[in-house]
Amino acid sequence: MRKEREKEKEALVLTIEMLKFDDNTRVLLETLCIPAWILDPQKKKMVWGNPKALKLLGKGSVEELHASDTKMSESTLIRVASYMKKIEQGESVTEQWTLYPNGKPVTMKLTCSGIVYDGNFCALVQANHMEQPVSNEVS
């Protein structure tokens, strides 16, 4: 009985903390100064991206991003699956990745957290370039 209550409590916490993609969330993510996109692991593709992400990934629109044929290697699928297990527990995951937009390598620090998009549990990915020094400038 105690285990069941603990599981119910965990599920409640996860439900409360889970970000849902709605108009308010979209507007907020669109105004970020860093690339952010949503990866749907069930569909094995990026399903949404803010303007910075679209520019980084060489896509002209969210529709083009969604329609693109994202090829994920077996090792990438395994890595994403391990992230999703952690994200389901309310954690976020930050690791270094090398992406290849337009065939050119770009090393980035990616932070993945959970978001519900179109009824699916997905990863919200936020990217920071690794090779660019941090500036003290205010913009």
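This is a short walk through a predicted model, stop by stop, with something to select at each one.

**Whole chain.** Start with the cartoon view. You should find 5 helices and 6 strands, and from the N terminus on they run α-β-α-β-β-α-α-α-β-β-β. Now switch on the surface: the chain exposes about 9400 Å², with carbon and sulfur atoms supplying 52% of that area. Of the 139 residues, 33% are buried. If you draw contacts between residues at least 6 apart in sequence, 42% of them join residues at least 24 apart.

**The main core.** Next, select Trp-37, Leu-56, Ile-87, Leu-99, Met-108, Leu-110 and Val-125. These belong to the largest nonpolar core, which has 23 residues, and they touch the most other members. Colour by element to see who contributes: strand 2 (36-40), helix 3 (51-57), helix 5 (74-88), strand 4 (93-99), strand 5 (106-117) and strand 6 (120-129) each supply at least two residues of this core. As background, nonpolar side chains in soluble globular proteins tend to be buried together.

**Zoom on Leu-110.** What does Leu-110 touch, leaving out residues up to four places away in sequence? Show its surroundings and you'll pick up Trp-37, Val-93, Thr-94, Glu-95, Trp-97, Leu-99, Val-125, Gln-126 and Ala-127.

**A second core.** Then hop over to a separate core of 9 residues, with Leu-29, Ile-115, Tyr-117 and Cys-122 among them.

**Rings.** Keep Tyr-117 on screen and add Phe-21 and Trp-48: ring pairs link these residues into a cluster. The count for the model is 3 aromatic pairs. For another ring, select Trp-97 with Arg-79, which lies over the face of Trp-97 at 3.7 Å from the ring centre.

**Cysteines.** Select Cys-33 and Cys-122. Which one is buried, and which is exposed? Cys-122 has 0% relative accessibility, so it counts as buried. Cys-33 comes out at 66%, so it counts as exposed. Don't go looking for a sulfur bridge, as a search of the whole structure finds 0 disulfides.

**Last stop, Lys-55.** Go back to helix 3, where Lys-55 has its place. Buried or exposed, what would you call Lys-55? With a relative accessible area of 72%, it is exposed, while Leu-56 belongs to the largest nonpolar core. Finally, put a distance label between the C-alpha atoms of Lys-55 and Pro-35: they are separated by 8.4 Å, with the two residues 20 apart along the chain.

Definitions and conventions: Residues are numbered from 1 along each chain as its sequence is written. This is a predicted model: local features need pLDDT of at least 70, side-chain atom pairs count only at pLDDT 80 or more; totals for chains, interfaces and linings use all residues. Side-chain values use heavy atoms; hydrogens and water are left out. A nonpolar core is a set of buried Ala, Val, Leu, Ile, Met, Phe, Trp, Tyr and Cys residues joined through side-chain atoms within 4.5 Å. Buried means under 20% relative accessible area, exposed over 50%, partly exposed in between (1.4 Å probe, protein chains only). Helices (H or I, at least four residues) and strands (E, at least two) are DSSP runs, numbered from the N terminus. Contact means heavy atoms within 4.5 Å. Accessible areas come from the Shrake-Rupley method with a 1.4 Å probe; for residues, only the protein chains shown count as cover. Rings of Phe, Tyr and Trp (its six-membered ring) pair if their centres lie within 6.5 Å; planes under 30 degrees apart count as stacked, over 60 as edge-to-face and the rest as tilted. A charge sits over a ring if NZ of Lys or CZ of Arg is within 6 Å of the ring centre and within 35 degrees of the ring normal. A disulfide is a pair of cysteine sulfur atoms within 2.5 Å.
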